[in-house]
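Please look over the model shown here and work through the questions below, each of which asks how a label follows from a value.

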Amino acid sequence: MQNNSAYYTRTAQWLHWIMAIIFIAAWVIGFYSGNFLSYDVDGSFKGQVITLHKNIATVILFLVVVRIFWRYTHPAPELPNTMSPAMKFAAHAGHLLLYIMLIAMPVTGCLYSWSAGHPAPVLYLFEIPRLVQENPELVEIVKPLHVYLSWGVGLLIVGHAAAALKHHFIDKDNVLRSMTRQKD
Ligand code: HEM
């Protein structure tokens, strides 16, 4: 299926920006807790911050299902012909990696929480049913996985945003506008 429009659909645009806000908020809160708070000094405040991190981040798991369905049924606009084949390949590979991270981050987060004996709550409303029991050996695997992936995705997001700004301000093409508008 081909997209003949130069713009993403309104639904795709909303999904992109809402998920960007949620994902970046979850990232910043997780990074703050993981690197600037400790149970010894901050006590229950750290617990509250991690709980906030989880309640926000689990929403990504639900939205990514809708997003993948929408992306599959409503293809993205073509990249500009001014881009070399190598740049187009890099852009597609980057986007694929971002989709993989939208799944990998909440999945490793939930596995980390469950295997450490804690819940995976959603918007302070309900908990995702536990798929694994408390398991210290699994914690040793999924904890570093979640942390290292979070650093990788942090770099990926910075690169993604820098590329979008380069398209807009240096190449002066339609790439950033395709995610914000419907018409010229
Ligand atoms: C949108 C998805 C997510 C993102 C972007 C994300 C990002 C992060 C980041 C950046 C950190 C700090 C890493 C570090 O120590 O440097 C972190 C830690 C953590 N994350 Fe996530 N995370 C996500 C989903 C989840 C989910 C769904 C859960 C559990 C239900 C979770 C549980 C945790 C826990 C328990 C920590 C450790 C916090 C601490 O030690 O203070 N994460 N996450």
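**The ligand and its pocket**

Q: In this predicted model, what makes the approach between the ligand and the side chain of His53 a polar contact?
A: A nitrogen atom of the ligand is 2.8 Å from an N or O atom in the side chain of His53. A polar contact is a pair of N or O atoms within 3.5 Å, so the His53 pair qualifies.

Q: How do you know that Asn35 and Gly34 also make polar contacts with the ligand?
A: For Asn35, an N or O atom of the side chain is 2.9 Å from an oxygen atom of the ligand, while for Gly34 a polar backbone atom is 3.4 Å from an oxygen atom of the ligand. Both pairs therefore fall within 3.5 Å.

Q: Which residues come nearest to the ligand, and what makes them part of its surroundings?
A: Ser33, Asn35, Lys46, His53 and His146 come nearest, out of 25 residues around the ligand. They count as near because each has a heavy atom within 4 Å of the ligand. The shell divides into 13 nonpolar, ten polar and two charged residues, and H1, H3, H4 and H5 each supply at least two of its residues.

Q: How do you know where the ligand sits?
A: The ligand sits in the second largest pocket, which means that more than half of the ligand's atoms lie within 2 Å of the grid points of that pocket. About 970 Å³ of space lies in this pocket.

Q: What makes a residue part of the lining of this pocket, and which residues lie nearest its centre?
A: A lining residue has an atom within 4 Å of a grid point of the pocket. By that rule the second largest pocket is lined by 33 residues, with Gly30, Ile50, His53, Tyr112 and His146 lying nearest its centre. Two or more lining residues come from each of helix H1 (10-36), helix H3 (44-73), helix H4 (85-115) and helix H5 (136-171), and H3 gives the largest share, nine residues.

Q: Why is Gly30 counted among the polar residues of the lining?
A: Gly30 is counted as polar because glycine is placed in that class. The lining as a whole divides into 17 nonpolar, 13 polar and three charged residues.

**Annotated spans**

Q: How do you know what form the chain takes in residues 91-114 and 145-165?
A: An unreviewed UniProt entry places the feature "transmembrane region" at spans that include both of these. In the model, residues 91-114 are 100% helix with end C-alpha atoms 35 Å apart, and residues 145-165 are 100% helix with end C-alpha atoms 30 Å apart.

Notes
Residues are numbered from 1 along each chain as its sequence is written. This is a predicted model: local features need pLDDT of at least 70, side-chain atom pairs count only at pLDDT 80 or more; totals for chains, interfaces and linings use all residues. Side-chain values use heavy atoms; hydrogens and water are left out. On a 1 Å grid over the protein atoms alone, a cavity is a set of points where a 1.4 Å probe fits but cannot get out, and a pocket is an open set with protein on both sides within 12 Å along at least five of seven lines; lining residues have an atom within 4 Å of a point. Grid points are joined across faces, edges and corners, and a volume is the space filled by probe spheres set on the points. Helices (H or I, at least four residues) and strands (E, at least two) are DSSP runs, numbered from the N terminus. A polar contact is a pair of N or O atoms within 3.5 Å; within protein, one must be able to donate a hydrogen and the other to accept it, and residues adjacent in sequence count only if both atoms are side-chain atoms. UniProt positions are given in the numbering used here, feature names are shortened, and annotations may be inferred rather than shown by experiment.
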